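Student: I should like to understand how the terms used for a protein structure are justified. May we work through some of them together?

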Amino acid sequence: MRVRKPRHSDSPPTVAGNGLLDRRALLGRGIALAGAVGTSLTSAAAEPLTNGPWSMAPGVPVPPYGQPSKFEKKVVRTLSNPNLEPRGSAARTPHHLLNGTITPNGLHFVIARGGETNVDPDQHRFVIHGLVKQPMVYTLDALHRYPMVSRITFLECGGNSAPLYSKEPIQASVQAIHGLSSCAEWSGVLLSTLLEEVGVDPKAKWLIAEGADLPTMNRSIPIAKAMDDAMIALYQNGEALNPSNGYPMRLLLPGYEGNMNVKWLRRIKLVESPVMAINETKQYTILLPSGKAWQFYFPQEVKSFITQPSPGLNMAGPGFYEISGIAYSGNGRISKVDVSADGGKSWAPAALQEPVLSKAFTRFRMPWSWDGRPVILQSRATDEAGNVQPTRDALIAERGPPRGTPNVAAFTMEHFNAITSWGVDDKGEVSHVYA
Amino acid sequence: MSTLEKVVHVKFCAAIAVIFGLSAANAADGPHFGQPISAADLAPWDISVGPDGVGLPPGSGTPAQGAVVYADHGCAACHGDNGTGGPGGPLVGGGPLNATDRTPEKLIGNYWPYATTIFDFVRRAMPWQQPKTLTNDESYAVTAYILALNKIIGENDVMNAETLPKVQMPNRDGFVSRYPDKH
């Protein structure tokens, strides 16, 4: 047996500026992280170990429905309308306090125009009518008898990331900037199964989906999407939908703008042309510098952002860090995420956590040896269709310059998927910057 | 649906067909657990109103009648006196959409392409505390009031199923569809 002598090349090489390391160091492919950071062995010795009180007494009865640890109270959504004033409510996902790719149901983002709607499942009815052979009503029990499918997919509000469309970089957390995006496993009945059953008139090119909530929220959806991968979702991460996310049933249109995924779904009407609802003529339209506006902009384009480190998660001195974040595209799978630590001058590919699923969150990870000097961190995602996440400058050239620095919760732009930049100063403090 | 999902789905339906001894043509009809419903019985929910006016109900209203509805239902609490603004946003005003000095507000008078959308939204969603309680006459009247505040119709114009779709909104041609060409 031959003992292999450690060679210099076994420690991870620097692959891009300011200390980004080879992603293979995270994948167990013969490159060790040890040796990457010379200072790692200089820490003070640990304190002697003792038994905590939880090791010396019984715990508490196991609860029927488990809640997060009482030590995790800060891991919550931020609320735009906690007292339910007569306007919409937004609840944002705390990406910087989570890991992996699945958003817990209680932390999934919410936009609700009439508060959280509580529908009695026994009284709820779902009707399909319009240009069909036979209008049909379905109870929740009836839907449960159909063959179901499950898929993991992200949902994102069309107005997510709007704070990037500001003259000055708004100082806020990744939760405040990108928190209107979440990912879950959804289970339910394919809409195509029901549409085939009611018999769609070939004249029908669109359908109107409508909720049972206060504003009877409605949107027009192309029939092609309805017959492709649309689902009447009944389950979210294995349990019945959360009330904020449409209990007992919602429309799920993988990859499409969140607002179209109508919650508390009660009606689908097959029609020849769009109904021109308020949420497709005023909201969710993109005003361009010419004065014209884009309408029916459905897919959520390729996007990524770094969740760790990010503003509020300050760094504890030079040494090894894992840069981690989320990437997704409404057009398919993520094929690549590049990370830069020098404001976009040099890039290196991050490791993509398996499984990489179509129209789902993909977690990326990048090993990094920080030398303590100021850096600018960025991520740039590419999807399998070849779409590359644009720079902020490129999107602003298309949309026109922002006219001011709005409130962080304002929706001054839609479908803004630009690269986000986090600045790290020499004290390890992380801020939102433009680069 | 992915190709694989489609294959699985087709196979599932084929299996059902074998179990129940159905022909392939019948199997495509599915399990059939819905209940048929007549147009009359679903009418209370069929509130869709298209830009061509299809779906508009009988009834009518004038700006003067709408001012009374606006006052009686406390609309000013959210939208201000004469629609000048509040927590629910203004119903009048709105500058040029290509302004370079400030973010243009997307308001009814300068942005909304169809007058039918006003009636539709009022009827389904307003007032916020008691949606779906206005009569069709009241919804037409509030719509007429808002259109008159914006000087899009005259003070004495009557809004009904015939006149409302004919109202020409200033920004009618302001939109470019991203579907299906750019997706």
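Tutor: The discussion below concerns a predicted model, and each answer sets a value against its definition.

Student: Why is A:His432 called buried?

Tutor: The relative accessible area of A:His432 is 1%. Buried means under 20%, so A:His432, at 1%, meets the definition.

Student: What makes the pair formed by the backbone oxygen of A:Ile170 and the side chain of A:His432 a polar contact?

Tutor: The backbone oxygen of A:Ile170 lies 2.8 Å from a polar atom of the A:His432 side chain. The cut-off is within 3.5 Å, and the distance of 2.8 Å satisfies that limit. A:His432 also touches other residues, including A:Leu164, A:Pro311 and A:Trp422.

Student: In which strand does A:His432 lie, and what makes that strand an edge of its sheet?

Tutor: A:His432 belongs to strand 26 (residues 430-433) of chain A. The open sheet has five strands in the order 21-20-24-25-26 (chain A), with antiparallel pairing. Strand 21 (348-349) and strand 26 each have a single partner strand, so one side of each is without a neighbour in the sheet.

Student: How do you know that strand 20 and strand 21 of chain A pair?

Tutor: Pairing requires at least two bridges, and two bridges join strand 20 (residues 334-340) to strand 21; therefore the two strands pair. In this pairing, A:Val339 stands opposite A:Ala348.

Student: Why is helix 6 of chain B described as mostly covered?

Tutor: Nine of the 10 residues of helix 6 (residues 116-125) are buried, among them B:Phe119 and B:Val122. Their cover includes strand 10 (206-211) of chain A and helix 7 (136-149) of chain B.

Note on methods
Residues numbered from 1 in each chain as written. Chains lettered and ligands numbered in written order. Predicted model: local features only at pLDDT ≥ 70, side-chain atom pairs only at ≥ 80, totals over all residues. Heavy atoms only, no water. Helix = DSSP H or I, 4+ residues; strand = E, 2+ residues; numbered from the N terminus. Buried < 20%, exposed > 50% of the residue type's maximum accessible area, 1.4 Å probe, protein only. Polar contact = N/O pair within 3.5 Å; in protein donor to acceptor, adjacent residues only side chain to side chain. Contact = heavy atoms within 4.5 Å. Lists of a residue's contacts leave out its neighbours within four places in sequence.
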